[in-house]
Each structure stands twice: as structure tokens, then as C-alpha cells.
Amino acid sequence: MKCFKGIAEKAGEYERWKDYDIEVISMDDCGGCPGILMPKVAIIMDMGKLYDRDFDAIHLGTCIMKATQTAKCPIDVEDIKKKIETKFNKEVILGTHPY
Ligand code: SF4
């Protein structure tokens, strides 16, 4: 719900899209510890092709960012950002809503 509110208000990391009409075409979680983001993104890429729903960018959730900063989340967000951008050629933005 926080992500959808952030999108509607173009708040937090969504503010960068304030001059654009934006649409979220998919949302997923990390898959549980230790985080399986690469296979999850691969599935979203495949589904996007299947349903003709391309996209420009991937936001890693504020929940993941907080988990890495305040708990013991094993995801290295800078490393996974580089890996996703290299393999899938999609911009990765660290964070979503500001709430
Ligand atoms: S701690 Fe990190 S890897 Fe584990 S469930 Fe939370 S976000 Fe996913």
C-alpha cells in the first residue's frame, strides 16, 4: 500500500518521475532470505515479453533498503543493482516510497 501511495503522489524515489506518466507493471518480493532477485527479475522480463509489457526501470523497495540498513538483510544492494543493470539492461533505483 505504501508503494502505491508513493507512486500516486510521486513521492520518495518516485519523485524522479514527476514529469512523466508512470505505471507499475509488476511488483514482487525478494523471495525470502537470502534474496533471489536475479531469478525474480528474469521471470518478470519473460512475463513482460509474453504480455507485451516492457518497462524502463526497476525500483528496489524501501523495505529492502531498510532491511539492509537496520537489520541483517544479506542483499548487497549496490552489487545487485550492477548485476541487474548489466544482465537485463534496465535502470535500477534504490528505494521506493518515503513512508
Ligand atoms: S532480510 Fe532481505 S533477503 Fe531476507 S526476506 Fe528481508 S529483504 Fe529478503
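A residue counts as partly exposed when the number of other C-beta atoms within 10 Å of its own falls between the buried cut-off of 20 or more and the exposed cut-off of 12 or fewer. Lys5 has 14 C-beta neighbours inside 10 Å, so Lys5 is partly exposed. The structure discussed here is a predicted model.

## Lys5 and helix α1

Lys5 sits in helix α1. Residues up to four places away in sequence aside, Lys5 touches His97 and Tyr99. Ile75 is far from Lys5 in sequence, at 70 residues, and their C-alpha atoms are 25 Å apart.

## Overall build

The protein chain holds 4 helices and 2 strands. Their order along the sequence is α-α-β-α-α-β. The radius of gyration is 13 Å, close to the 13 Å that the globule rule gives for 99 residues, so the protein chain is as compact as a globular protein of that length. The C-alpha trace spans about 35 × 30 × 20 Å along its principal axes.

Buried residues account for 11% of the 99 residues. Take the contacts with a separation of 6 or more: 64% of them join residues 24 or more positions apart.

## Helix α2 against helix α4

Helix α2 covers residues 37–50, and helix α4 covers residues 77–88. The two pack at an angle of about 35°, and their axes are 11 Å apart. The crossing of α2 past α4 is right-handed. Which residues make the contact? From α2 come Leu37, Met38, Val41 and Met45. From α4 come Ile80, Lys83, Ile84 and Phe88. By class, this contact has 7 nonpolar residues, 1 charged residue and no polar ones.

## Around the ligand

Ten names can be read off for the ligand shell: Cys30, Gly32, Cys33, Pro34, Gly35, Ile64, Ala67, Cys73, Pro74 and Ile75. This shell divides into 8 nonpolar and 2 polar residues, with no charged ones.

Pro34, one of the shell residues, lies in the loop between α1 (2–9) and α2. The peptide bond from Cys33 to Pro34 is cis, with omega near 5°. Both Cys33 and Pro34 belong to the ligand's surroundings.

Cys73 is also in the shell. Where does Cys73 lie? Cys73 is in the loop between α3 (62–70) and α4. With neighbours within four places in sequence left aside, Cys73 is in contact with Ile64, Ala67 and Thr68. Among these, Ile64 and Ala67 are themselves residues around the ligand. Cys73 has 18 other C-beta atoms within 10 Å, so Cys73 is partly exposed. Leu37, from the α2 side of the helix contact, is 36 residues from Cys73 in sequence and 13 Å from Cys73 in space, C-alpha to C-alpha.

## Strand β2 and Val92

Val92 lies in strand β2. Neighbours within four places in sequence aside, Val92 is in contact with Ile58, Leu60, Lys81, Ile84 and Glu85. One of these, Ile84, also takes part in the contact of α4 with α2. Ile80 is another α4 residue in that helix contact. Val92 and Ile80 are 12 residues apart in sequence, with 9.0 Å between their C-alpha atoms.

Is Val92 buried or partly exposed? The count for Val92 is 19 other C-beta atoms within 10 Å. Burial needs 20 or more. Val92 is therefore partly exposed.

## Two loop residues with positive phi

Asp52 and Asn89 each call for a look at the backbone. Asp52 is not a glycine, yet phi of Asp52 is positive, at about 55°. Asn89, a residue other than glycine, has a positive phi near 55°.

The loop of Asp52 runs between α2 and β1 (57–60). The loop of Asn89 runs between α4 and β2 (91–94). Asp52 is exposed, with 6 other C-beta atoms within 10 Å. Asn89 counts as exposed too, with 8 C-beta neighbours inside 10 Å.

## Exposure summary

The table collects the neighbour counts.

| Residue | C-beta neighbours within 10 Å | Class |
|---|---|---|
| Lys5 | 14 | partly exposed |
| Asp52 | 6 | exposed |
| Cys73 | 18 | partly exposed |
| Asn89 | 8 | exposed |
| Val92 | 19 | partly exposed |

Technical notes
Residues numbered from 1 in each chain as written. Predicted model: local features only at pLDDT ≥ 70, side-chain atom pairs only at ≥ 80, totals over all residues. Axes fitted to C-alpha atoms, helices over the stretch in contact; angles between N-to-C directions. Left-handed = near helix turned anticlockwise from the far one by under 90°. Contact = placed C-beta atoms within 7 Å. Nonpolar A, V, L, I, M, F, W, Y, C, P; charged D, E, K, R; others polar. Rg over C-alpha atoms; globule rule 2.2 N^0.38 Å. Near = placed C-beta within 6 Å.
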